[in-house]
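Below are some notes on the model, set out as numbered points. They may be read with the coordinates open.

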Amino acid sequence: MLSRLSRPSRTRVLAHPRVRAALVAALLSPLAACSSSTPSDTSVAKVTPSPDDRPVTVTVTPAGAKARAGEPVRVTATSGRLTSVTVTDAKGHRLAGEVAADGRSWVSGRKAVPGTAYTVAAATRSAGGTAGSTKAGFTTAPADKVNKVDWRPGAGATVGIAQPISLVFDHPVKNRAEVKKQLRITTSNDTEGSWGWMRDWSGRDRVDWRPRTYWKPGTEITLKAELNGTDSGADGGWFVRDYTTAFTIGAGQIVEVDLDRHRLSLVRDGKTVRRIPVSGGTPGGDKRSWRGTAVLMAKEGTINMNSETVGLRDAYNKMVDHSMRLTWSGMYAHAAPWNAKYFGRSNQSSGCIGMSDADAAWFYAQVRPGDPFEITGKDTKGVVEPGNGFGAWNLSWAEWQQRSALR
């Protein structure tokens, strides 16, 4: 009897689900096929960035909501370098500056000014070459007091060869050296000169710049007083603006006044143009004239002169033509027809240099502010002081340099 052939039997292994998952994982893992050992435990490795990839840290000073003004803005970088820095105020004005050669710092050329909000934008690059950027901001405290400046000569003026640059301040200036650093003079021919501090006739602080000798005719001069953000010091307040003026030197004119001979000579480019008989201040008292070099301050035309304003009580009160101011204390050159009999003969004025109407009209048309009046005479009340008008020329060059705040 033929027997039936039997098929091979299949054995099915029924594994617990967790066991099956473990078997599948073992079969799929490449380590299962080539590793003879199994680690007893596992750990997650922490990846530490390379120093080259660390972000650049940027620091800005000043900082805060009420930062002190009067200092340059400084930006520094660590773990990398600065590639550019822009500092702007709320009006879009920029503070210029330069990144140092090593890229580690940037400093503004000007100071942060009072009461101003600044935004700082810095572009950076890490040691590994990754570019980045940072923004920061700060606001300076407002000025508790503002110091202002009155300056001469005005922009565009043509003046005489003795004209100084003169700045008079509303409030005291204690930080004179710091203020002096912000004053820049440029001339068309590199004229040598120096600043000198003094007390103005008004009682206020003042600083003048004069050349070593009279200006050369035709010289062009520019003053840039970059004072914005500078602290005057105790009781002075802050400067909150810059000042600038540019002017030109005119003809080489000198007015020689000889009170002993009672005459005035106009000398132009070394040649005497005209001699005029005059009468100076009365000898022996308060009506005497000043001597030394006085500089024509202004041509004031017809003005009222009152003796009470210069301490001479009720000596005079009249309208005077062709008036040319020489000092703050009240010495003028002008027409004085009431003294006609004394012209060229005697000094009989109240301190001024008087001449006839005709001579005064001619002379008035010839001179300009800045022309020096070199006054000589035996009986005078002294030399014009530096602060009484523009009397700086009565000091030697060495004496003048001693008045500089920077020596």
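1. Contact here means heavy atoms within 4.5 Å. On that basis, and leaving out residues up to four places away in sequence, Val 113 touches Ala 69, Tyr 118, Thr 140, Asn 228 and Gly 229. The model is a predicted one. Val 113 sits in the loop between strand E7 (105-111) and strand E8 (117-126). With a relative accessible area of 14%, Val 113 counts as buried, because buried means under 20%. Its C-alpha atom is separated by 9.7 Å from that of Leu 227, although the two positions lie 114 residues apart in chain numbering terms of separation.

2. The largest nonpolar core has 24 residues, and Leu 264, Phe 363 and Phe 373 touch the most other members. At least two residues of this core come from each of strand E18 (253-258), strand E19 (263-268), strand E24 (332-335), strand E25 (353-355), helix H4 (357-366) and strand E26 (372-376). The most is given by H4, with three residues. Another core, of 23 residues, lies apart from this one and includes Val 159, Val 207, Leu 227 and Phe 239.

3. Which residues are in contact with Phe 373, leaving aside neighbours within four places in sequence? They are Val 255, Val 257, Leu 264, Gly 292, Thr 293, Ala 294, Leu 296, Leu 326, Ala 333 and Phe 363.

4. Five strands make up an open sheet with mixed pairing, in the order E20-E19-E18-E26-E21. Strand E20 (271-277) and strand E21 (292-295) are the edges; each has a single partner strand, so one side of each has no neighbour in the sheet. On average, neighbouring strands of this sheet are turned by 20° against each other, direction ignored. The pairing of E21 with E26 is antiparallel and runs over four bridges, with Thr 293 opposite Glu 374 in E26. H4 packs on the sheet and touches E18, E19, E20 and E26. The direction of H4 makes about 145° with that of E20.

5. Asp 205 belongs to strand E15 (residues 205-211). Is this residue buried or exposed? Asp 205 is buried, with a relative accessible area of 6%. Its side chain makes a polar contact with the side chain of Arg 176, at 3.4 Å. Beyond residues up to four places away in sequence, Asp 205 touches Leu 167, Val 168, Phe 169, Pro 172, Val 173, Arg 176, Met 198 and Arg 199.

6. Two cis peptide bonds should be looked at in the model. One joins Thr 61 and Pro 62, with omega about 0°; Pro 62 is in the loop between strand E1 (57-61) and strand E2 (64-67). The other runs from Arg 152 to Pro 153, with omega near -5°, and Pro 153 lies in the loop between strand E10 (149-152) and strand E11 (158-159).

7. Positive phi values occur at two residues that are not glycine. Ser 79 has phi of about 60° and lies in the loop between strand E3 (72-78) and strand E4 (80-89). At 39% relative accessibility, Ser 79 is partly exposed. Asp 235 has phi of about 70° and lies in the loop between strand E16 (220-225) and strand E17 (243-249). Asp 235 is exposed, its relative accessible area being 57%.

How values were computed. Residues numbered from 1 in each chain as written. Predicted model: local features only at pLDDT ≥ 70, side-chain atom pairs only at ≥ 80, totals over all residues. Heavy atoms only, no water. Core = buried A, V, L, I, M, F, W, Y, C linked by side-chain atoms within 4.5 Å. Buried < 20%, exposed > 50% of the residue type's maximum accessible area, 1.4 Å probe, protein only. Polar contact = N/O pair within 3.5 Å; in protein donor to acceptor, adjacent residues only side chain to side chain. Pairing = 2+ DSSP bridges. Axes fitted to C-alpha atoms, helices over the stretch in contact; angles between N-to-C directions.
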